[in-house]
Amino acid sequence: MSDDAGPSDEEVGKLFAHGEERALALAYERWAGLVHGLACRALGNGPDAEDVTQQVFVSAWTGRAGYRPDSGPLPAWLVGITRHRIADAHARRAREARVRDAAEALHDVTPTATVDRTAEDRVVLMGELSKLGQPQRGIIELAFFHDMTHDQIAARTGLPLGTVKSHIRRTLVRLRDRLEVDGAAL
């Protein structure tokens, strides 16, 4: 050990590696400025830099078994930990920005109709179909609900093909007009 100046940097490193608690205080006293300066340059002066500084020394102390004084000086090892903690802080900031952006995007979304529009249209259409008389209603049901062709409908109903086509066309026009008036068809 040195005289009045206290232990040398190398001696602090050895004490730190052996788990001497006073070595943590000495390391903080000597190199907290270095660690905090690196954090401020990377993250700006503020709470993130202060958090990184604290995390570096906590991580260094809890992981001191991984420090080998013969592999390099303690300040260099602390700088390595600092770089990792700065990268973690940047990753955390990026995650928070993504969450914030996603929350803002959800806030900007206009609420959608809670009722299924297809089901609503089907109910309106069935109501309009119930207002139709025969044979128009029967012809429309055969065409759309039973997927029958005009020829098949004519054969089944005994009506001429031209009459079936005319009934379908007029009924569709009438339904369209009624649904547009009711606001169902846009």
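Start with the crossing of helices H2 and H3 in this predicted model: the crossing is right-handed. Select both helices and look along their axes, which lie 8 Å apart and make an angle of about 145°.

Now show the side chains at this contact. On the H2 side, pick Glu21, Leu24, Ala27, Tyr28, Trp31, Ala32, Val35, His36, Ala39, Cys40 and Leu43. On the H3 side, pick Asp48, Ala49, Glu50, Val52, Thr53, Val56, Phe57 and Trp61. Coloured by class, the selection shows 14 nonpolar, two polar and three charged residues.

Keep H3 and hide the rest. H3 covers residues 47-62, 16 residues in total. Its first and last C-alpha atoms are 22 Å apart, close to the 22 Å expected at 1.5 Å a residue. Which residues of H3 are buried? Select Asp48, Ala49, Val52, Thr53, Val56, Phe57, Ser59, Ala60 and Trp61. Several names recur from the previous selection: Val52, Val56 and Phe57 are among the residues that meet H2, and they are also among those buried in H3.

Bring H2 back and go to Gly33, which lies in that helix. Is Gly33 buried or exposed? Gly33 is exposed, because its relative accessible area is 55% and the cut-off for exposed is over 50%. From here, draw a distance to Thr53. The two residues are 20 apart along the chain, and their C-alpha atoms are separated by 8.8 Å. Thr53 itself is buried and belongs to the H3 side of the contact with H2.

Next, add H1. H1 spans residues 9-17 and H2 spans residues 21-43. These two helices pack with axes 8 Å apart, at an angle of about 135°, and are therefore oblique to each other. Their crossing is left-handed. Select Asp9, Val12, Leu15 and Phe16 on H1, with Arg22, Ala23, Leu24, Leu26, Ala27, Arg30 and Trp31 on H2, for the residues that make the contact. By class, eight of these are nonpolar, none is polar and three are charged. Leu24, Ala27 and Trp31 of H2 take part in the contact with H1 and also in the contact with H3.

Finally, show the whole chain. How many helices and strands are there? The chain has eight helices and zero strands, so from the N terminus the elements run α-α-α-α-α-α-α-α. Colour by burial: of the 186 residues, 27% are buried. In a contact map limited to residues at least 6 apart in sequence, 54% of the contacts join residues at least 24 apart.

Notes
Residues numbered from 1 in each chain as written. Predicted model: local features only at pLDDT ≥ 70, side-chain atom pairs only at ≥ 80, totals over all residues. Heavy atoms only, no water. Axes fitted to C-alpha atoms, helices over the stretch in contact; angles between N-to-C directions. Helix = DSSP H or I, 4+ residues; strand = E, 2+ residues; numbered from the N terminus. Parallel < 35°, antiparallel > 145°, perpendicular 65-115°, else oblique. Left-handed = near helix turned anticlockwise from the far one by under 90°. Contact = heavy atoms within 4.5 Å. Nonpolar A, V, L, I, M, F, W, Y, C, P; charged D, E, K, R; others polar. Expected span 1.5 Å × (residues − 1). Buried < 20%, exposed > 50% of the residue type's maximum accessible area, 1.4 Å probe, protein only.
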